[in-house]
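Thanks, everyone; I would like to use these few minutes to walk through the strand and helix arrangement of one model. Please keep the structure in view while I talk.

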Amino acid sequence: MRVLVVEDERRMAAALRRGLQAEGFAVDLAHDGNEGLHLARVGDYDVVVLDIMLPGLSGYNVCKQLRAEENWVPILMLSAKDGEYDMADGLDLGADDYLTKPFSYVVLVARLRALLRRGGGRRPAVLCAGDLSLDPAARLVARGETPIELTPREFALLEYLMRRPGEVVSKPEILEHVWDTYDTDPNVVEVYVGYLRRKIDTPFGRAALQTVRGAGYRLASDGG
């Protein structure tokens, strides 16, 4: 497995390379953000270990740029920043995991192996279905340039459906993931689907949110 380590502290970078090589990884190093971004673009890496505080270009910006280019290589961010908002920023920009310094080397390797098992599938920071977009971090929904105001529950329902575009999702699945319960009356899902349709479809002459009789609901991957 090929790993790119982007770390400006050279002693730490060298220690990471030695340790990962001992675990059987092939490791390349970059010591600033611009070099890291270049190598991540041109190299066929299985995972990237990315420091946040880098000269030239921050780890946040490296991650953001890769995801904007639809490069879905798994990214594990390293940082001395342990605040919850720092972690949230990294994950919202498209990182797959976040580890604060100082860290356990055993945990680092275990997390890398978990990311490798998960693979590098598409994981955009902003969800899109045609001209319908949803930004989980900024809590924004829009049709093209037109913003759409949703309640927190409507937003959660739409986000769940947009993370599974084109798939049929049953009422029990929606209740489990959006309401975090099986006990709520399943008809509440139908009610909220109606609310959503009146906001994301009807004003725009679209039919993105579809009912599949006897099975559940589907959000058209082309946005209707």
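I will take the two sheets in turn, together with a helix that goes with each. Please bear in mind throughout that what you see is a predicted model.

Let me begin with the parallel sheet, in which five strands are arranged as an open sheet in the order β2-β1-β3-β4-β5. Its edges are formed by β2, residues 26-30, and by β5, residues 97-100, each of which pairs on one side only. If we ignore direction, neighbouring strands in this sheet are turned against each other by 20 degrees on average. Looking at one pair in detail, β1, which covers residues 2-6, runs parallel to β2 and is joined to it by five bridges; within this pairing, Leu-4 has Asp-28 in β2 as its bridge partner. Across β1, β2 and β4, the last of these being residues 75-79, lies helix α1, residues 10-22, which runs at about 170 degrees to β2.

Turning now to the other sheet, here four strands with antiparallel pairing form an open sheet in the order β6-β7-β8-β9. Because β6 (127-129) and β9 (146-147) are the edge strands and each has a single partner strand, one side of each is left without a neighbour in the sheet. Helix α6, residues 152-162, packs on this sheet and touches β6, β7 (132-135) and β8, with its direction at about 110 degrees to that of β7.

How many bridges join β8 to β9? There are two, with β8 spanning residues 140-143 and the strands running antiparallel, and Ala-142 stands opposite Pro-147 in β9.

Definitions and conventions: Residues are numbered from 1 along each chain as its sequence is written. This is a predicted model: local features need pLDDT of at least 70, side-chain atom pairs count only at pLDDT 80 or more; totals for chains, interfaces and linings use all residues. Side-chain values use heavy atoms; hydrogens and water are left out. Two strands pair if DSSP finds at least two bridges between them. Contact means heavy atoms within 4.5 Å. Axes are lines fitted to C-alpha atoms, for helices over the stretch in contact, and angles run from 0 to 180 degrees between N-to-C directions.
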